[in-house]
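Visitor: I've got a fresh model on my screen and would like a quick tour. Can you walk me through it?

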Amino acid sequence: MSIFGSFKREANETVLQDKKNLSLMVKKSKCPQNHPCPSVRVCPVGALVQRGYDAPSVDEEKCIKCGKCVRFCPMKALVME
């Protein structure tokens, strides 16, 4: 094994550990709450739920912290903190 292979593995482990400390937050002040949230559809595990046109809520148990919804939200109302 090369030294580069071990460095890459260590870097990936660090990223995974950092993700564990993050949580998905909904910034209601940035969400217009006047339409179906487009980010709900892109969540691969169904962790975002929207009732009516309210801001979506996050099911922390389901969320895998992939960030797809954060990147997809046009209003930047979803953030990982």
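Visitor: Before anything else, what pattern does the chain follow along the sequence?

Guide: This is a predicted model, where local features need pLDDT of at least 70, side-chain atom pairs count only at pLDDT 80 or more, and totals for chains, interfaces and linings use all residues. Residues are numbered from 1 along each chain as its sequence is written, and side-chain values use heavy atoms, with hydrogens and water left out. The chain has 3 helices and 4 strands, taken as DSSP runs numbered from the N terminus (helices are H or I, at least four residues; strands are E, at least two). Read along the sequence, the order is α-β-α-β-β-α-β.

Visitor: How much of the chain counts as buried?

Guide: Buried means under 20% relative accessible area, exposed means over 50%, and partly exposed is in between, with a 1.4 Å probe and protein chains only. For the 81 residues of the chain, the buried share is 21%.

Visitor: Which residues form the salt bridge?

Guide: In general, side chains of opposite charge can pair when their charged atoms come close. The cut-off here is a side-chain nitrogen of Lys or Arg within 4 Å of a carboxyl oxygen of Asp or Glu. The whole structure has 1 salt bridge, and with closest N and O atoms 3.1 Å apart, the partners are Lys27 and Glu81.

Visitor: How many residues apart are Lys27 and Glu81?

Guide: Lys27 counts as partly exposed because its relative accessibility is 31%, and Glu81 counts as partly exposed because its value is 46%. The salt bridge of Lys27 with Glu81 links distant parts of the chain: Lys27 is in the loop between strand 1 (24-26) and helix 2 (38-42), Glu81 is in the segment after strand 4 (78-80), and their separation is 54 residues.

Visitor: Is Lys65 buried or exposed?

Guide: Lys65 is in the loop between strand 3 (57-58) and helix 3 (68-72). It has a positive phi of about 60° although it is not a glycine. Its relative accessibility is 18%, so Lys65 counts as buried.

Visitor: What is the nearest side chain of opposite charge to Lys65?

Guide: Lys and Arg count as positive and Asp and Glu as negative, while His and the chain ends are not counted. Lys65 has no salt bridge, and at 5.0 Å away, the nearest side chain of opposite charge is Glu60.

Visitor: Which residue has its backbone oxygen 3.5 Å from a polar atom of the Lys65 side chain?

Guide: The residue in question is found in the loop between helix 1 (3-20) and strand 1. It is partly exposed because its relative accessible area is 31%. The backbone oxygen 3.5 Å from a polar atom of the Lys65 side chain belongs to Leu22.

Visitor: How much space lies in the second largest cavity?

Guide: A cavity is a set of points on a 1 Å grid over the protein atoms alone where a 1.4 Å probe fits but cannot get out, and its lining residues have an atom within 4 Å of a point. The search finds 2 cavities of 30 Å³ or more. Lys65 is one of the residues that line the second largest, Leu24 and Cys43 being among the others. The second largest cavity holds about 70 Å³.

Visitor: And which residues lie nearest the centre of the largest cavity?

Guide: The largest cavity has about 90 Å³ of space. By class, its lining has 11 nonpolar, 1 polar and 1 charged residues. Of the 13 lining residues, those nearest the centre are Cys31, Cys37, Cys73, Met75 and Ala77.

Definitions and conventions
A polar contact is a pair of N or O atoms within 3.5 Å; within protein, one must be able to donate a hydrogen and the other to accept it, and residues adjacent in sequence count only if both atoms are side-chain atoms. On a 1 Å grid over the protein atoms alone, a cavity is a set of points where a 1.4 Å probe fits but cannot get out, and a pocket is an open set with protein on both sides within 12 Å along at least five of seven lines; lining residues have an atom within 4 Å of a point. Grid points are joined across faces, edges and corners, and a volume is the space filled by probe spheres set on the points. Ala, Val, Leu, Ile, Met, Phe, Trp, Tyr, Cys and Pro count as nonpolar, Asp, Glu, Lys and Arg as charged, and the others, Gly among them, as polar.
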